[in-house]
Amino acid sequence: MLKLEQINKIFNEATPDEKIALDQINLKLNPGDFVTVIGSNGAGKSTMLNMISGALSPDFGDIRIDGKNVTKLPEFKRSQKIGRVFQDPMAGTAPLMTIEENLAMAYSRNKTRGLKKGVDKKRRVFFRESLETLHLNLENRLNAKVGTLSGGERQALSLLMATFTQPSILLLDEHTAALDPARAALITDLTKLLVEKDQLTTLMVTHNMQQALDLGNRLIMMDKGQIIFEVEAEEKQDLTIAKLMDEFQRIRGEKLTSDKALLG
């Protein structure tokens, strides 16, 4: 469903500020895979997601989604196959539009658009039923401006919108990092529910090691633009935070930064 081949990206090349953001990245996700990605700041995690979404272009290498080479496809065209939730709850929704209007836009993401109503009776019923799964009472606030919602409510709405059309790839970029613990736990539970319901192929970046261990069937660790460690389903079940940090030290010969965000 997703294949990255020899992806390389250098920022500020041939200057004193040169930084190798991605270094020969190879990654393959089969349909239904849920891969969590961990690594310290600057490891290249978000850059990899930006490369997949089309927000950035690789210096060389190929990106394939659902068997199609999309390396040169612009971001707006890739969005028909990609759902994405950002770290910032303010991103991913239109604050001056209503919940219903935001849902209508998301619903039409991979459909042919024309001059017709974005919401009809049938769609409104579907929107209500979809919102009910969030258990946030948003189904009774369809005409509320999204800008009036709390951060957790907006992130829940963003997650629902990103999965509405059952995208080929779901990208989650530290989508719980900006929330308080209670809201982060809510969004984590919703993520598991929505991904499992539709068996969505998912790539989730997180600083929270425990979250990376609890979710998904595979895990990869990145450092300095490289994938340095990868774990499949059976082995992942026995992993702990301590084992992950020991593995990093074994590979890199130094301890992994143990800040609170990384440890979760």
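The following questions and answers concern salt bridges in a predicted model.

Q: How many salt bridges does the count come to?
A: Side chains of opposite charge can pair when their charged atoms come close. The cut-off applied is a side-chain nitrogen of Lys or Arg within 4 Å of a carboxyl oxygen of Asp or Glu. By this rule, the count is 12 salt bridges.

Q: Which residue forms a salt bridge with Arg64?
A: Arg64 belongs to strand E4 (residues 60–65), and its partner, 59 residues apart from it, to strand E1 (residues 2–11). The closest N and O atoms of the pair are 3.8 Å apart. Arg64 has 29% relative accessibility and therefore counts as partly exposed. The partner is Glu5.

Q: Are Asp173 and Arg84 buried or exposed?
A: These two residues form a salt bridge, with 3.3 Å between the closest N and O atoms. Asp173 lies in strand E7 (residues 169–173) and Arg84 in strand E6 (residues 82–85), so the pair ties together parts that are 89 residues apart in sequence. For each residue to be classed as buried, the relative accessible area must be under 20%. Both Asp173 and Arg84 are buried.

Q: What is the N to O distance in the salt bridge of Lys197 and Asp198?
A: Lys197 is exposed, because its relative accessible area of 54% is over 50%. Asp198, at 22% relative accessibility, counts as partly exposed. Their side chains meet in a salt bridge with an N to O distance of 3.1 Å.

Key
Residues are numbered from 1 along each chain as its sequence is written. This is a predicted model: local features need pLDDT of at least 70, side-chain atom pairs count only at pLDDT 80 or more; totals for chains, interfaces and linings use all residues. Side-chain values use heavy atoms; hydrogens and water are left out. Helices (H or I, at least four residues) and strands (E, at least two) are DSSP runs, numbered from the N terminus. Buried means under 20% relative accessible area, exposed over 50%, partly exposed in between (1.4 Å probe, protein chains only).
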